[in-house]
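Let's take a walk through a protein model together, one step at a time. Keep the picture beside you and look for each residue as it comes up.

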Amino acid sequence: NAIFDVLVQTDEAFLGPHGMTKGGMALIDEARAELERAKRLLASGTPADQVLEQLARGLTHKFLHGPTQALNQAGEAERAELLAVLQRVYHLPEEP
């Protein structure tokens, strides 16, 4: 089962340059791998608070890596477009 689904209307012209495809489940698969890693750590006796910190850090990295990479590789005009999308998706305040 997927952790969540995000429905976004876009076209291949936007997805292709960012290394994305429609219907991609790579992020969900990576999140599952992080969860399995956390379960193994718990089973090996690693303290729960340490496992939760590692899980949170790992998931945060997985979810933010793609958007951060896209922002870093984008030109100025594209960066403004990406920032607007990320602000909307993540409910971030607009910069003054």
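A salt bridge, as the term is used here, is a side-chain nitrogen of Lys or Arg within 4 Å of a carboxyl oxygen of Asp or Glu. The idea behind it is simple: side chains of opposite charge can pair when their charged atoms come close. With that in mind, how many salt bridges does the structure hold? In this predicted model, there are 2 salt bridges.

Start with the pair formed by Glu34 and Lys62, whose side chains meet at 3.8 Å, N to O. Glu34 belongs to helix α2 (residues 26-43) while Lys62 belongs to helix α3 (residues 48-73), so this salt bridge ties together parts that are 28 residues apart in sequence. Are the two partners buried or exposed? Glu34 has a relative accessible area of 13%, and because buried means under 20%, Glu34 counts as buried. Lys62, at 25% relative accessibility, is partly exposed.

Now find the other pair, Glu36 and Lys39, where the side chains meet at 3.5 Å, N to O. Here both residues sit in helix α2, 3 residues apart, which is about one turn of the helix. Why does that spacing matter? An α-helix has 3.6 residues a turn, so residues three or four places apart point the same way. Glu36 is partly exposed, with a relative accessible area of 39%, and Lys39 is partly exposed too, at 45%.

Next, move along to helix α4, which covers residues 76-89. Its 14 residues should span 20 Å at 1.5 Å a residue, and the end C-alpha atoms are indeed 20 Å apart, so the two values agree. Which residues of α4 are buried? They are Leu82, Leu86 and Gln87. These three cover an arc of only 135° around the axis, which means that they lie on the same side of α4. Turn to the face that points away from this buried side, and you will find the exposed residues Ala77 and Arg88.

Finally, look at what follows the helix. Tyr90 is in the segment after α4 and is partly exposed, with a relative accessible area of 39%. Just after α4 you will also meet His91, which takes a positive phi of about 55°. Tyr90 has company on the surface: together with Leu64, Val85, Val89 and Leu92, Tyr90 forms a nonpolar patch with about 420 Å² of accessible area in total.

Notes: Residues are numbered from 1 along each chain as its sequence is written. This is a predicted model: local features need pLDDT of at least 70, side-chain atom pairs count only at pLDDT 80 or more; totals for chains, interfaces and linings use all residues. Side-chain values use heavy atoms; hydrogens and water are left out. Helices (H or I, at least four residues) and strands (E, at least two) are DSSP runs, numbered from the N terminus. The expected span of a helix is 1.5 Å times one less than its number of residues. Buried means under 20% relative accessible area, exposed over 50%, partly exposed in between (1.4 Å probe, protein chains only). The arc is that of the directions from the helix axis to the C-beta atoms. Patches are made of residues with over 30% relative accessible area and no salt bridge: like charges are joined within 9 Å, nonpolar side chains (Val, Leu, Ile, Met, Phe, Trp, Tyr) within 5 Å. Accessible areas come from the Shrake-Rupley method with a 1.4 Å probe; for residues, only the protein chains shown count as cover.
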